[in-house]
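Trainee: I should like to examine how the ligand is held in this model. May we proceed by question and answer?

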Amino acid sequence: MTKVAASILSADFAHLHRDCDRLLRAGVDLLHIDVMDGHFVPNISYGAPVLRCLHDALPDAGYDVHLMISDPARYAADFAKAGADLITFHLEAVPDSVSQTIAAIRAVGCQVGLSFRPGTPVEAVFPYLDEVDLVLVMSVEPGFGGQKFLPATPQRIAVLRAECARRGSNALIEVDGGINGETGPRCVQAGADWLVAGNSLFHAEDPAAVLRLLHGQA
Ligand code: DX5
Ligand code: ZN
């Protein structure tokens with residue numbers, strides 16, 4: 001079944017535990033931790049200490065860490081120690097050392113995801129499909145929550161899904177940015193396994209109703 005990860009970028013940071021607990025009770029499967037360094041993307045979010053506190057407060061949740069930073073291998077151990085289950089990094093951040101970065105994340109005991117910007121051809125991740133646990137398709141330009149879903153995304157997911165099938169790759173496909181009750185099901189139909197949603201969940205009056213749409217149960 002489709003898994004839904006809540007992007008905490010849209011939480012009220014003064015009440016992070018309360019907001020995340022509310023969504024986990026409503027049926028969110030994972031917490032998605034967006035890390036931005038003001039260098040790879042033009043915004044700064046938070047780092048491993050925030051994950052550590054959240055993990056201490058909510059130890060049973062799954063933690064899906066999305067590194068939008070220039071030097072992911074350098075910080076992998078910090079996020080692993082803080083409670084990351086899976087760490088995703090961007091192809092464009094380390095184009096010449098993708099396999100080394102995958103190995104560095106595995107070495108600290110986490111599952112590995114690989115992401116790429118909306119302007120990067122999908123084919124750029126094909127060489128790594130047998131090395132990663134997950135591919136994260138960006139459906140907005142990384143850097144900010146609350147952006148509009150890019151309409152080319154379902155087609156990009158479908159191309160990736162077809163290539164995974166062709167190779168017999170078990171890599172999961174996750175999609176991130178502008179996901180709501182309308183765009184999410186279109187991505188699932190195209191082949192996405194995991195949906196990331198920030199604004200549409202944290203700002204929902206009835207998150208369980210949004211989750212039913214995202215889980216395909218409405
Ligand atoms: C964008 C982040 C996303 C984003 C999701 O750089 O990676 O996770 O915050 O938020 P929404 O769902 O509001 O687009
Ligand atoms: Zn993200």
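Trainee: Which residue has a backbone N or O atom 2.9 Å from an oxygen atom of ligand 1, apart from G178?

Mentor: This is a predicted model, in which local features need pLDDT of at least 70 and side-chain atom pairs count only at pLDDT 80 or more, while totals for chains, interfaces and linings use all residues. Residues are numbered from 1 along each chain as its sequence is written, chains are lettered from A and ligands numbered from 1 in the order in which they are written, and side-chain values use heavy atoms, with hydrogens and water left out. A polar contact is a pair of N or O atoms within 3.5 Å (within protein, one must be able to donate a hydrogen and the other to accept it, and residues adjacent in sequence count only if both atoms are side-chain atoms). G178 places a backbone N or O atom 2.9 Å from a ligand 1 oxygen, N199 does so at 3.0 Å, and the other residue at 2.9 Å is G146.

Trainee: How much of the accessible area of ligand 1 does the protein cover?

Mentor: Accessible areas come from the Shrake-Rupley method with a 1.4 Å probe (for residues, only the protein chains shown count as cover). On its own, ligand 1 has 380 Å² of such area, and the protein covers 99%.

Trainee: Which strand gives the most to the shell around ligand 1?

Mentor: Strands are DSSP runs of E, at least two residues long, and helices are runs of H or I, at least four, each numbered from the N terminus. At least two shell residues come from each of β2 (30-36), β3 (62-68) and β8 (194-197). D34, which lies in β2, is among the residues that come nearest to ligand 1. With three residues, the greatest contribution is that of β2.

Trainee: At which residues does UniProt place the feature "active site", and how far apart are they?

Mentor: The UniProt entry is unreviewed; its positions are given in the numbering used here, feature names are shortened, and annotations may be inferred rather than shown by experiment. It places this feature at D34 and D176. Although they are spread over 143 residues of sequence, they cluster in space, and the largest C-alpha distance is 10.5 Å.

Trainee: Where does G143 lie?

Mentor: G143 is listed by the unreviewed UniProt entry under "binding site", and G143 is also among the residues that come nearest to ligand 1. Its position is the loop between β6 (134-138) and α5 (153-167).

Note on methods: Near = heavy atom within 4 Å.
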